[in-house]
Amino acid sequence: MSLQLHTVKGIVASAVAIPLAVVAGAHALSSASVRNAPELAVAIWPANGAALEKLAYRSFVEDVRSTLNTPGGQEGADDLSGDELNKQISVGQGDLQRFASDAASAAREALRYEPLSSKAHAVLALSEPDPSRQRRIIELASSLNRRELALQGLVLQSKIDAQDYAGTMETLDQILRVYPQRRAEFYPYLTAALSEEATIPAFRKLLADPLPWRDSFLMHALRDPAATRNLGVIRQSIALDNAEFDRALIATLVRNGELGAAATLYGKFASARGRTARSGWAADFPPFDWAFADEPGLRAQLAKGGDTLEFTIDSGNGGALASRLLALPDAPFTIVVKHEVGPNSSVKDLKLLLACPGQASPFFEASFADSNGTFVVSQRPRCTYVNLVLSGRAWTDGDALEGTITSVTVKPG
């Protein structure tokens, strides 16, 4: 009797365990197939919400990519890249809604089994024709998941459409923290926002914090003249421990013709370093500070101690040895250059030039041999700032030109 009972129990256990093992195996195989073969995953386990979500979103992405004519197949191909999200607006709201509607059935099926499926929520939000309902779906879904790129991309677009600059930057900050490897794709969004004057207060608050992506974004934003202009305003009131950016900001503002803003920042930075804007051979923030030649055959560098500029020009070479940007004094004014040249060098081949920024031809040019390095400038050109250039040339059939320049002084009168 006991043996029969054990046999019955064994049969019952097997009858229960084998189907459970089959079910468990099918579920495991379905789960393992989600990433690379969602169709197989659904075929094995129709209630696989993750696979259904992937199929729904993949269908939407493929339609968008077909319209944008952008290739898939790269790493993370099931997500639209930052560039594609940026271009997505050009697809047209009607087409986006149609693409999402085609995938909505699979998205709803995914939510039956996985109610927190963020990409399924994204598809359903895009399929919604009522803008207010769409925004509400995005808002609610985003509160459940702030890490999903597809959903955060929709949040970002909704903030941009609403001209909610603070919300745009908050969303971008979340994206950039979670996906640091994709920063370059989303920096154009930030740069576009920064180019709007109305965003200055929000950016001033945002950039005052040491964000992990802040420094690389600042350098990226310098490519846009409007963003650079606003960065000049923002930098006046926030602290940044980034001398490389400060140098690039001043140089870029000057290159963009924003000389007044650049000069204001230069005065701030020079003062913070405990010096006046015109002291010695300072070279921290060109072009208001000195820029020195450093190329084969044409070099200028400060001697030990930093009080004297040493220069060498090899035969057959020439050009600017040192240059800086000055606020133009009232005319007339005098520039005194104290110098010494080597025994085989010719002073007449050293020159002082003055030119307005952006103009190739100088309005003043004279040799160091004239008046023994004392230059009286009586004319006043139509520019507020002037490029002061010390240049030289060593002729091909002559000796190298070398020597030192002790000081360059600008005096009124």
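The exercises below work through a predicted model of one protein chain, each with a solution in steps.

**Exercise 1. The chain as a whole**

Describe the secondary structure of the protein chain and state what share of its residues is buried.

Solution. Begin with the secondary structure, which comes to 15 helices and eleven strands. Next, turn to burial: of the 413 residues in the protein chain, 44% are buried. Finally, consider the surface, where the accessible area is about 21,200 Å², with 52% of it belonging to carbon and sulfur atoms.

**Exercise 2. A pair of phenylalanines**

Decide how the rings of Phe203 and Phe217 are arranged, and find which helices hold the two residues.

Solution. A pair of aromatic rings is described by the distance of the centres and the angle of the planes. In the protein chain, the count of such pairs comes to eleven. For Phe203 and Phe217 the centres lie 6.4 Å apart and the planes stand at 10°, so this pair is stacked, given that planes under 30 degrees apart count as stacked. As to location, Phe203 belongs to helix α11 (residues 200-207) and Phe217 to helix α12 (residues 214-221), so the pair ties together parts that are 14 residues apart in sequence. Phe203 has a relative accessibility of 0% and counts as buried, and Phe217, with a relative accessible area of 0%, is buried as well.

**Exercise 3. A second pair**

Classify the aromatic pair of Trp281 and Phe292, and decide for each residue whether it is buried or partly exposed.

Solution. The centres of the two rings are 6.2 Å apart, with 55° between the planes, and the pair of Trp281 and Phe292 is tilted. Trp281 lies in the loop between α15 (259-272) and β1 (291-292), while Phe292 lies in strand β1, and the two residues are eleven apart. The cut-off for burial is under 20% relative accessible area; Trp281, at 7%, is therefore buried, whereas Phe292, at 24%, is partly exposed.

**Exercise 4. An open sheet**

Give the order of the strands in the open sheet of six strands, and explain which strands stand at its edges.

Solution. The order is β2-β3-β4-β11-β6-β9, and the pairing is antiparallel. At the edges stand β2 (294-295) and β9 (374-377), each of which has a single partner strand, so one side of each is left without a neighbour in the sheet. Within this order, strand β4 (residues 309-313) is joined to strand β11 (residues 401-412) by five bridges, and these two strands run antiparallel. As one detail of the sheet, Ile313 stands opposite Leu401 in β11.

Conventions: Residues are numbered from 1 along each chain as its sequence is written. This is a predicted model: local features need pLDDT of at least 70, side-chain atom pairs count only at pLDDT 80 or more; totals for chains, interfaces and linings use all residues. Side-chain values use heavy atoms; hydrogens and water are left out. Helices (H or I, at least four residues) and strands (E, at least two) are DSSP runs, numbered from the N terminus. Buried means under 20% relative accessible area, exposed over 50%, partly exposed in between (1.4 Å probe, protein chains only). Accessible areas come from the Shrake-Rupley method with a 1.4 Å probe; for residues, only the protein chains shown count as cover. Rings of Phe, Tyr and Trp (its six-membered ring) pair if their centres lie within 6.5 Å; planes under 30 degrees apart count as stacked, over 60 as edge-to-face and the rest as tilted. Two strands pair if DSSP finds at least two bridges between them.
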